[in-house]
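User: Got a minute to go through this structure with me? I'd like the strands and then a side chain.

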Amino acid sequence: MTEERKKVWVSISGSVKNEEDKDNLEFLTEGDLYKESDGACVTYEESEVSGMEGTVTTLRVDKQKVSVIRLGTTNSIMEFESGKRNLTWYSTPFGDVTMGILTKDVLVNYNDLKEPTKVMIDYNIEIEGITNSQNVLNIKITQ
């Protein structure tokens with residue numbers, strides 16, 4: 001059975017803070033929302049703004065975790081679960097990197113149809129066991 005896809009707007013804002021400075025990012029893009037048996041997915045195409053043009057990102061939200069799956073010029077699966085540390089491969093045109101993701105908090109708001117409307121992820125990225133950045137990601141999904 002093919003899931004019904006809905007066109008949505010995906011508004012992403014976030015901050016990346018390391019020892020030297022803090023960067024903020026913000027962009028709005030069109031995407032598709034569809035439900036799966038144990039959660040919901042939002043897919044959208046990356047652009048020059050994100051530095052990952054040619055990549056399709058899928059945000060998968062289920063009861064226990066949020067996954068960010070990227071396929072294309074950049075390939076990775078990043079899983080976020082409150083209080084957990086996950087290791088992932090991050091494949092870019094410049095080479096592969098092993099990253100640790102320490103998730104401090106994940107909050108998801110849903111509408112009456114049990115579709116995600118807001119996702120907040122607070123996490124640290126570690127490369128070679130050293131915390132490289134503190135990150136906060138806010139995603140709003142509207143129709």
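Here is the chat about the strands and one glutamate.

Analyst: A caution before we begin. This is a predicted model, where local features need pLDDT of at least 70, side-chain atom pairs count only at pLDDT 80 or more, and totals for chains, interfaces and linings use all residues. Residues are numbered from 1 along each chain as its sequence is written, and side-chain values use heavy atoms, with hydrogens and water left out.

User: Fine. In which sense do β8 and β9 pair?

Analyst: Antiparallel, over eleven bridges. β8 covers residues 95-110 and β9 covers residues 116-127. Strands are DSSP runs of E, at least two residues, numbered from the N terminus. Pairing needs at least two DSSP bridges between the strands.

User: What stands opposite V108 and L107?

Analyst: V119 in β9 faces V108. M120 in β9 faces L107.

User: How many residues sit between β8 and β9 in the hairpin?

Analyst: Five. K114 in that turn has a positive phi of about 60°.

User: And what about β9 with β10?

Analyst: Ten bridges, antiparallel, with β10 at residues 130-142. D122 has V136 as its bridge partner in β10. Two residues separate the strands of this hairpin, and E128 in the turn has a positive phi of about 55°.

User: New topic. Where is E79, and is it buried or exposed?

Analyst: E79 lies in β6, residues 75-80. E79 is partly exposed because its relative accessible area is 26%; that class lies between buried (under 20%) and exposed (over 50%), using a 1.4 Å probe and protein chains only.

User: Which residues does E79 touch?

Analyst: Leaving out residues up to four places away in sequence, E79 touches K65, V66, S67, N86, I101 and T103. Contact means heavy atoms within 4.5 Å.

Key
Helix = DSSP H or I, 4+ residues; strand = E, 2+ residues; numbered from the N terminus.
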